[in-house]
Amino acid sequence: MVRSDLLELDLASLSEKLRAREVSAIDVTEAYLERIAATEPLINAYITVTADLAREAASAADAEIAAGRWRGPFHGIPVGLKDLCCTRGIVTTGGSKVLANFVPDDDCTVWSRLSEAGAILLGKLNLHEFACGGTSNNPHFGAVRNPYDTARIPGGSSGGSAAAVVARSNLATIGTDTRGSIRQPAALCGCVGLKPTYGRVSRYGVITLSYTLDHVGPITRTVRDAALMLNVIAGHDPNDSTSSRVAVPDYTRFLGGDLKGVRLAVIRDLAEWYEPEIEQSFDESLRIMKSLGAELDEVSIPSFKLGVQVTGLVARPEMLDYHQDWLLRHAHDYSDAVRPLVEGAMVIPATAYIRAQRARAMMIAESSSVLEAHDAIVTPMCMTTAPRIGQELVRAPSGAEVPYLPTFIAFTGPFDCTGQPAISVPSGLSRAGLPIAVQIVGRAFDEGRVLQIAGAFERERGPLPPPTLTEGTAR
Amino acid sequence: MAELTPETVMRVAREFYDYPMNAETAAAVAKIADAMLTDARRLSALGLDGVEPPFSYATMVAEAERLRRTLSGS
């Protein structure tokens with residue numbers, strides 16, 4: 001098999017070939033390292049490439065597989081971690097200057113589990129500084145670029161994690177999501193991003209943005225790959241007191257089949273406007289789901305309309321608490337964009353934070369009520385396609401120039417508040433050749449249903465055309 | 001509702017956090033904080049009377065157990 005062909009295999013297919021010894025882990029690793037070298041000047045998805053460690057781990061994986069000790073679907077599989085995930089002996093920056101030389105002495109749990117499963121770490125991925133923003137335009141490590149148009153943002157904060165998967169410079173990566181930071185970059189880059197239920201995946205060893213809103217999850221090429229990754233990283237962790245003891249099923253068993261009898265609640269009223277192409281794509285996505293047998297109802301969840309505000313009122317005081325010592329000692333090392341967001345929480349009364357947490361209880365109640373009569377919720381993802389790097393405003397259909405970031409989290413933030421599992425799946429390309437996505441949300445700990453619906457939709461819609469990795473779009 | 005002034009922001013930062021802030025920064029922070037306070041007031045529209053904050057005793061006990069294990073090295 002030609003090395004470059006290895007890059008086109010999804011996780012499940014590559015895993016079978018590794019197990020059968022049709023390909024070696026070292027060949028796979030070298031193919032990806034070559035791809036990283038070729039694409040990094042264009043995409044800038046990585047902060048650290050761990051080439052030597054990857055080669056060592058790949059050789060060890062080949063030896064174990066040859067000796068009949070296959071560990072499972074991740075044995076010999078290349079992965080990447082958002083550089084918010086601590087890795088023992090490997091610098092972990094959080095995308096910041098504050099931690100530019102921080103070398104943890106322990107692994108985060110997600111990497112412990114992937115490593116134990118035999119995964120090969122290719123490197124640590126670029127992100128928005130301290131995960132506190134949605135562009136991944138990082139002032140310390142450079143802007144991450146969207147593989148479908150390198151003049152545009154990949155979204156964020158897990159921008160490097162999504163861009164690497166789409167640019168084929170990694171196969172499966174880890175992102176984190178506090179207001180939408182797994183799903184939004186996955187949507188803008190054209191891959192799959194799964195935010196599991198709060199507590200489903202351990203946060204241990206992941207640099208905190210918000211104690212009660214942070215989620216850790218997979219960013220992958222396909223829904224099946226996301227299910228495979230969740231199989232490895234999900235489960236109780238005594239090092240995370242918020243991690244759940246709910247049993248972890250084999251998530252791949254939910255894949256396959258149609259959507260006959262599946263009842264979907266459609267929410268589209270959380271944004272004041274959409275680009276017309278986004279609305280058309282969403283309608284087409286609903287048509288596909290209906291053609292697969294789903295029953296659709298339009299619903300509204302009133303408290304969700306303040307979801308963006310609630311996430312801000314919860315996340316910023318929690319961020320200040322986590323960052324306070326760093327801020328007092330290294331204020332000058334924060335960017336001018338992120339520092340005021342942390343500082344702003346200094347003058348917010350505790351009652352505002354408590355009220356926002358109470359609002360979350362209301363949001364969960366209203367969402368649960370909708371899900372008594374429905375199996376899942378379907379929403380659009382972002383209101384526009386990826387904006388240009390450095391662009392701060394977009395033109396709404398009314399002609400007004402408005403900031404785009406609040407609109408990008410209008411449909412994601414509420415589900416960080418409720419902690420429900422939510423996935424972003426590509427729904428097509430715009431006429432300009434930029435990815436558009438749809439979001440599917442389930443009941444708490446019902447990732448299986450979310451993956452079932454997303455998998456059926458993905459299979460029916462088919463894969464997106466590959467990205468151009470050039471400035472400007474091909475269309 | 002009165003807006004936060006940069007002077008108030010500077011004073012709170014200095015006296016509560018021992019954190020020096022210049023007037024330009026304080027003006028930017030005041031705008032951000034004002035927006036957050038407006039957001040907090042808007043939450044009243046949700047009718048939160050009788051809704052308790054979801055701070056969980058079970059989570060506190062689990063965190064205490066994690067700390068105990070860390071301290072005892074087990």
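1. In this predicted model, the hairpin formed by E14(A) and E15(A) has 5 residues between its strands. Within that hairpin, Gly433(A) adopts a positive phi near 85 degrees. The two strands, E14(A) and strand E15 (residues 435–441) of chain A, pair in the antiparallel sense over 7 bridges. One of the facing pairs places Ser424(A) opposite Gln439(A) in E15(A).

2. Strand E14 (residues 422–429) of chain A also pairs with strand E7 (residues 192–195) of chain A, in the antiparallel sense and over 3 bridges. Here Leu194(A) stands opposite Ile423(A), and Gly193(A) has Ser424(A) as its bridge partner. Ser424(A) therefore faces Gly193(A) in this pairing and Gln439(A) in the pairing with E15(A). As a general matter, strands of a sheet pair through backbone hydrogen bonds, either parallel or antiparallel.

3. Is E14(A) enclosed or open to the surroundings? Of its 8 residues, 7 are buried, so E14(A) is largely enclosed by the rest of the structure. The cut-off behind this statement is a relative accessible area under 20%.

4. The wider context is an open sheet of 11 strands in chain A, with mixed pairing and the order E1-E3-E2-E6-E8-E7-E14-E15-E11-E9-E10. Its edge strands are strand E1 (46–49) and strand E10 (295–298) of chain A, each of which pairs on one side only. On average, neighbouring strands of the sheet are turned by 25 degrees against each other, direction ignored.

5. Helix H5 (residues 109–116) of chain A lies across four strands of chain A: strand E2 (78–82), strand E3 (120–125), strand E6 (172–177) and strand E8 (215–220). Relative to E2(A), helix H5 runs at about 175 degrees.

6. Helix H12 (residues 350–370) of chain A contains Ile354(A), and Ala352(A) is found in helix H12 of chain A as well. Ala352(A) counts as buried because its relative accessibility is 4%, whereas Ile354(A), at 32%, counts as partly exposed. Leaving aside neighbours within four places in sequence, Ala352(A) is in contact with Leu313(A) and with Ala40(B). Between Ala352(A) and Val98(A), the separation is 254 residues in sequence and 29 Å in space, C-alpha to C-alpha.

7. Which residues make the nonpolar surface patch of about 510 Å²? The patch is made by Ile354(A) together with Phe55(B), Tyr57(B), Met60(B) and Val61(B). Helix H3 (residues 57–72) of chain B supplies the largest share, 3 residues.

Technical notes. Residues numbered from 1 in each chain as written. Chains lettered and ligands numbered in written order. Predicted model: local features only at pLDDT ≥ 70, side-chain atom pairs only at ≥ 80, totals over all residues. Heavy atoms only, no water. Patch = residues over 30% accessible without salt bridge, like charges linked within 9 Å, V, L, I, M, F, W, Y side chains within 5 Å. Areas by Shrake-Rupley, 256 points an atom, 1.4 Å probe, with all protein chains shown as cover. Salt bridge = Lys/Arg side-chain N within 4 Å of Asp/Glu carboxyl O. Buried < 20%, exposed > 50% of the residue type's maximum accessible area, 1.4 Å probe, protein only. Pairing = 2+ DSSP bridges. Axes fitted to C-alpha atoms, helices over the stretch in contact; angles between N-to-C directions. Contact = heavy atoms within 4.5 Å.
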